[in-house]
Amino acid sequence: MATTDGTSTSIAFTFPGQGSQAVGMGKDLAEAFPEARAVFDEVDEALGQKLSDIMWNGPEETLTLTANAQPALMAVSVAAIRVMEARGLKLADKVAFVAGHSLGEYSALCAAGTFSLADTARLLRIRGDAMQSAVPVGQGAMAAIIGLEHGDVDAICAEAREAGICQIANDNGGGQLVISGSKAAVEKAAALATEKGAKRAIMLPVSAPFHSDLMAPAADAMRHALDKVAKNNPVVPVIANVRAVPVYDADEIAKLLVTQVTGQVRWRETVEWFGANGVTTLYEIGSGKVLTGLARRIDKNISGIAVNTPADIEAALTVILG
């Protein structure tokens with residue numbers, strides 16, 4: 001299937017979010033490819049910190065800190081993209097759409113040329129710091145609800161709101177929804193979900209209630225940061241987390257990134273949109289294979305392929321470039 005300009009509509013690239021980090025990620029890329037090494041060096045320089053040393057040597061608890069994990073995951077994704085580009089991939093010619101899960105949306109936008117690599121690293125450092133400081137530790141919480149429909153979880157959140165802020169943060173698909181908000185309200189919602197037949201309701205070991213209204217101070221910080229940064233229209237349409245439809249305009253993208261801080265990551269709808277619009281293969285670019293697993297559960301007709309090692313890159317390019 002092809003568009004009028006000849007671009008294949010069958011391929012989309014996705015970019016992982018927080019939780020996909022692991023000590024050692026990206027090291028094999030840096031050792032195998034100078035283009036990847038250059039990405040890690042540029043991110044280190046942009047942040048004034050040897051983030052690559054934390055990525056490759058740990059400790060894990062330091063890498064997992066939101067302010068480190070976010071730019072680190074982006075760096076691995078963009079390193080893989082730069083290696084693919086150096087070997088002949090032209091994103092605009094071969095990839096119909098890009099999307100990323102939460103912070104992964106920034107990786108997608110960097111890959112699509114909306115933000116420079118250095119600016120993306122700095123934006124994610126600001127984002128991570130702002131999200132971490134928006135709510136005092138212990139006052140917010142998140143929980144994964146497994147086995148209930150979106151409408152059921154929405155109703156549970158509404159009922160739990162008598163105890164504080166509570167809302168759906170991520171609709172990950174495959175019957176997995178993540179809720180976020182005030183600790184008491186999220187705990188109440190988790191208990192209600194169990195009563196109403198959820199297979200599991202698991203409190204998550206996170207440092208802040210991401211994608212909830214409690215993140216409003218972080219949204220303000222991102223508005224100011226995004227106002228100041230240079231941006232271009234993406235060379236490939238980006239499926240925005242909070243809309244689950246393509247966005248083409250750089251200024252609109254910036255507004256949606258602000259909304260994303262407190263808004264819902266509509267990942268199930270994003271993958272469903274791909275399936276309804278001719279995408280048959282999702283390449284997950286970067287660390288881990290979380291999104292690849294989710295894609296299989298959301299749409300059995302879409303194949304998910306994780307691309308994070310030198311061998312993965314070689315195999316993917318063989319198919320994409322023909």
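Start by selecting Cys166, which is buried at 1% relative accessibility (buried means under 20% relative accessible area, exposed over 50%, partly exposed in between, using a 1.4 Å probe and protein chains only). Now show Cys157 too: its sulfur is the closest cysteine sulfur to that of Cys166, at 3.7 Å, too far for a bond. A disulfide here is a pair of cysteine sulfur atoms within 2.5 Å, and a search of the whole structure turns up zero of them. Cys110 is another one to click on, buried at 2% relative accessible area.

A quick word on what you're viewing: it is a predicted model, where local features need pLDDT of at least 70 and side-chain atom pairs count only at pLDDT 80 or more, while totals for chains, interfaces and linings use all residues. Residues are numbered from 1 along each chain as its sequence is written, and side-chain values use heavy atoms, with hydrogens and water left out.

Next, color the largest nonpolar core, 81 residues in which Phe13, Met84, Val98 and Leu226 touch the most other members. Its largest share, eleven residues, comes from helix 5 (residues 66-86). Such a core is a set of buried Ala, Val, Leu, Ile, Met, Phe, Trp, Tyr and Cys residues joined through side-chain atoms within 4.5 Å; helices (H or I, at least four residues) and strands (E, at least two) are DSSP runs, numbered from the N terminus. A second, separate core has 18 residues, including Ala143 and Ile168.

Go to Arg127 in helix 8 (residues 117-134). What is the nearest side chain of opposite charge to Arg127? That's Glu105, 7.2 Å away, and Arg127 is buried yet has no salt bridge. Lys and Arg count as positive, Asp and Glu as negative; His and the chain ends are not counted. A salt bridge is a side-chain nitrogen of Lys or Arg within 4 Å of a carboxyl oxygen of Asp or Glu.

The structure holds 13 salt bridges, so here are some to visit:

- Select Asp119 and Arg122, whose closest N and O atoms are 3.0 Å apart; both lie in helix 8, three residues apart, about one turn of the helix.
- Try Lys196 and Glu159, which meet at 3.9 Å, N to O. Lys196 is in the loop between helix 10 (183-195) and strand 6 (200-203) and Glu159 in helix 9 (residues 150-160), so the pair ties together parts 37 residues apart in sequence.
- Finish on Arg268 and Asp171, at 2.8 Å. Arg268 is partly exposed at 24%, whereas Asp171 is buried at 2%. Add Glu272 to see the three linked in a network of salt bridges.
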